[in-house]
Amino acid sequence: MIAIPLNNSNTLNNDLLEPLKEFIKDIITKYKMSKIDKQLNSIIETFEPLKDRDIVIQNEEDVARFEKFSNELADLEDFLENLEDLQIDDEVIQNKIDKALDIVVPLNCRIAGNLADFEMRDLCK
């Protein structure tokens, strides 16, 4: 927290506005980083256990569900890449973005591969 000195007349004058604006920007930035950090933790905790699981697609209903999930993963991947493009000046956040991408991208690729394999099996029947 920064100390905001009041002038002798106890008024808020123009000299105090700049430090106050910087203080507000700092609070907002820290809040946003905290929210991003929490979201990244949630993404990692949710998807990391899934990264090595077998993907079983047995019928058309599975295909529809996995296609929808794959599209949602692609949206998540876009979000993470946009975060990465911001080049946030926080090494911990950047590392979490990288880790989340290292989980989400291969998982979505495996799903896409299994969907393609199912379609090929279906064609060969």
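**Three helices and their nonpolar core**

The accessible surface of the protein chain comes to about 9,200 Å² (Shrake-Rupley method, 1.4 Å probe; for residues, only the protein chains shown count as cover), and 53% of this surface belongs to carbon and sulfur atoms. The model is predicted, so local features need pLDDT of at least 70 and side-chain atom pairs count only at pLDDT 80 or more, whereas totals for chains, interfaces and linings use all residues. Residues are numbered from 1 along each chain as its sequence is written, and side-chain values use heavy atoms, with hydrogens and water left out.

Q: What pattern does the protein chain follow along the sequence?
A: Helices (H or I, at least four residues) and strands (E, at least two) are DSSP runs, numbered from the N terminus. The protein chain has three helices and zero strands. Read along the sequence, the pattern is α-α-α.

Q: Which element gives the most residues to the largest nonpolar core?
A: A nonpolar core is a set of buried Ala, Val, Leu, Ile, Met, Phe, Trp, Tyr and Cys residues joined through side-chain atoms within 4.5 Å. The largest one holds 23 residues, and Leu40, Ile43, Phe47, Leu73, Leu76, Leu80 and Ile97 touch the most other members. Two or more residues come from each of α1 (14-47), α2 (60-85) and α3 (91-123). The element that gives the most, with 10 residues, is α3.

Q: Which residues does Leu76 touch, not counting those up to four places away in sequence?
A: Contact means heavy atoms within 4.5 Å. Leu76 is among the α2 residues that meet Ile36, Leu40, Ile43 and Phe47 in α1. With residues up to four places away in sequence left out, Leu76 touches Ile43, Phe47 and Val104.

Q: Are α1 and α2 parallel, antiparallel, perpendicular or oblique?
A: Axes are lines fitted to C-alpha atoms, for helices over the stretch in contact, and angles run from 0 to 180 degrees between N-to-C directions. The axes of α1 and α2 come within 13 Å and cross at roughly 140°. Angles under 35 degrees count as roughly parallel, over 145 as roughly antiparallel and 65 to 115 as roughly perpendicular, with the rest oblique; therefore α1 is to α2 oblique.

Q: Is Asp102 buried or exposed?
A: Asp102 lies in helix α3. Buried means under 20% relative accessible area, exposed over 50% and partly exposed in between (1.4 Å probe, protein chains only). Because its relative accessible area is 59%, Asp102 is exposed.
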